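Dear colleague,

I am passing on the structure we spoke about, and I would be glad if you could look through it with the notes below at hand. Please read them alongside the coordinates.

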Amino acid sequence: MADNASIPPAAAQLPTPPDVIRCAYAELVVTDLQRSRWFYTELLGLVVTAETEDALYLRAFEEYLHHSLVIRRGPVAACAKLAYRVRTPRDLDLAEEYYRALEVPVRRVPAGTTKGIGEAVQVEDPLGFPVEFFHDAEHVERFTQRYDLHGAGAISRLDHFNVVTPDVPAARRYYEGLGFKVSEDIADSEGTVYAAWMYRKPTVHDVALTGGDGPRMHHIAFATHERSQILHLCDHLGAVRRSDHIERGPGRHGVSNAFYLYLLDPDGHRIEIYTHDYYTGDPDNPVITWDVHDNQRRDWWGNPVVPSWYANASTVLDLDGDPRPVVERRDAREAEVTIGADGFSYTRRDEVEQGFKVGHQV
Ligand SMILES: [Fe+2]
């Protein structure tokens, strides 16, 4: 079993890691495929590339690879896979060598093991997540200009994964070993790190690390181009009497600057709709560290973060399809130090200096 003790220090001598391009697709297990079909295709407007008796293969309007989300029927709602695309087929060899050196479960699977996806390397990563690396994938039609098909959210592409892990600095070291860089993080003056955002593609993140009991999948985020599409989606939910799918938002994050909305699917899997983050592709892109006491770190403006957003996350499966045990976080929890003190409240620098408020951006 992989736990945090297996995460190597940054200086560990490991083989060359695979060249990861970006987060590419996720696979979620759902308990009622028809209820989930409504949520993902009729509400979110994702395109069905393919379907079988027990699964839907979905993509967003700008995507030309076979899918960015697989919804599979199963007995227990869970996250079955987080997949990254690598630059060349040779990177599959590198992935295999890299994870064998990390002494975690690794298996190489032939093309077609997942519909539309070529040969792949599947691992249980050192954080305990089921992760796949692939290069080849079936191409399908890109619907960028099929405006006649775009619905309320007009979701353009997958943007990022957010995973819950007990030891954020250790998880950060693991992802840095894989070539990811940090764009932003949340910490306190005692050195506790509560969350970190890490990227390969030149956006704020491909994966966010959220401190908590893990491994659990916090959310999967899809991008849209306009703030107005997020508001349109909220109006759509109201009109069909399904606004209870909204968990948090709409609002604007402090971290990432993104305008966002968090939805819960019929099984409680959290899906974020996300827009307006920024370019991070230069090698000296500055890292932004937010103080955990800065009331504007999670919401630049907006309502306080709801407790469920901090507490709930999806079970993840191991490579055999069994639920992974969860390891408790030992460090302080963000919700315990900040809940109720954020939202429509501010951290004005002059007031900080006069001692009226404790939080500030460092
Ligand atoms: Fe997110």
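**The cavity and the iron site**

In this predicted model, the lining of the largest cavity is made up of 14 residues, and those lying nearest its centre are Trp197, His253, Tyr262, Glu272 and Arg298. Two elements, strand 9 and strand 16 (270-275), each give two or more residues to that lining. Sorted by class, the lining of the largest cavity holds five nonpolar, six polar and three charged residues. The volume of this cavity comes to about 100 Å³, and the count of cavities of 30 Å³ or more is two.

Glu272, already named among the residues nearest the centre of the largest cavity, also serves as a donor to the iron ion through OE, together with His160 and His219, each through NE2, and these protein donors lie 2.0 to 2.1 Å from the ion. Along the chain the donors follow the spacing H-x58-H-x52-E. The two histidines bring together distant parts of the chain, since His160 belongs to strand 9 (residues 157-165) and His219 to strand 13 (residues 216-223), with their positions 59 residues apart in the numbering.

Are these two histidines buried or exposed? His160 has a relative accessible area of 1% and is therefore buried, the cut-off being under 20%. His219 likewise counts as buried, because its relative accessibility is 1%.

**Strand pairing around strand 4**

Away from the iron donors, you may wish to follow the pairing of strand 4 (residues 69-73), which runs parallel to strand 1 (residues 20-30) and is joined to it by five bridges. Within that pairing, Ala26 has Leu69 of strand 4 as its bridge partner. Strand 4 also pairs with strand 3 (residues 55-59), here in the antiparallel sense and over four bridges, and in this case the bridge partner of Tyr57 is Val70 in strand 4.

**A contact point in helix 3**

One further residue that I looked at is Ala170, which lies in helix 3 (residues 168-177). Ala170 is buried, because its relative accessible area is 3% and the cut-off is under 20%. Between Ala170 and Leu127, which are 43 residues apart along the chain, the C-alpha atoms are separated by 8.9 Å.

With best wishes

Note on methods. Residues are numbered from 1 along each chain as its sequence is written. This is a predicted model: local features need pLDDT of at least 70, side-chain atom pairs count only at pLDDT 80 or more; totals for chains, interfaces and linings use all residues. Side-chain values use heavy atoms; hydrogens and water are left out. Donors are N, O and S atoms within 2.8 Å of the metal (3.2 Å for Na, K and Ca); water is not among the atoms, so sites may look incomplete. Buried means under 20% relative accessible area, exposed over 50%, partly exposed in between (1.4 Å probe, protein chains only). On a 1 Å grid over the protein atoms alone, a cavity is a set of points where a 1.4 Å probe fits but cannot get out, and a pocket is an open set with protein on both sides within 12 Å along at least five of seven lines; lining residues have an atom within 4 Å of a point. Grid points are joined across faces, edges and corners, and a volume is the space filled by probe spheres set on the points. Ala, Val, Leu, Ile, Met, Phe, Trp, Tyr, Cys and Pro count as nonpolar, Asp, Glu, Lys and Arg as charged, and the others, Gly among them, as polar. Two strands pair if DSSP finds at least two bridges between them.
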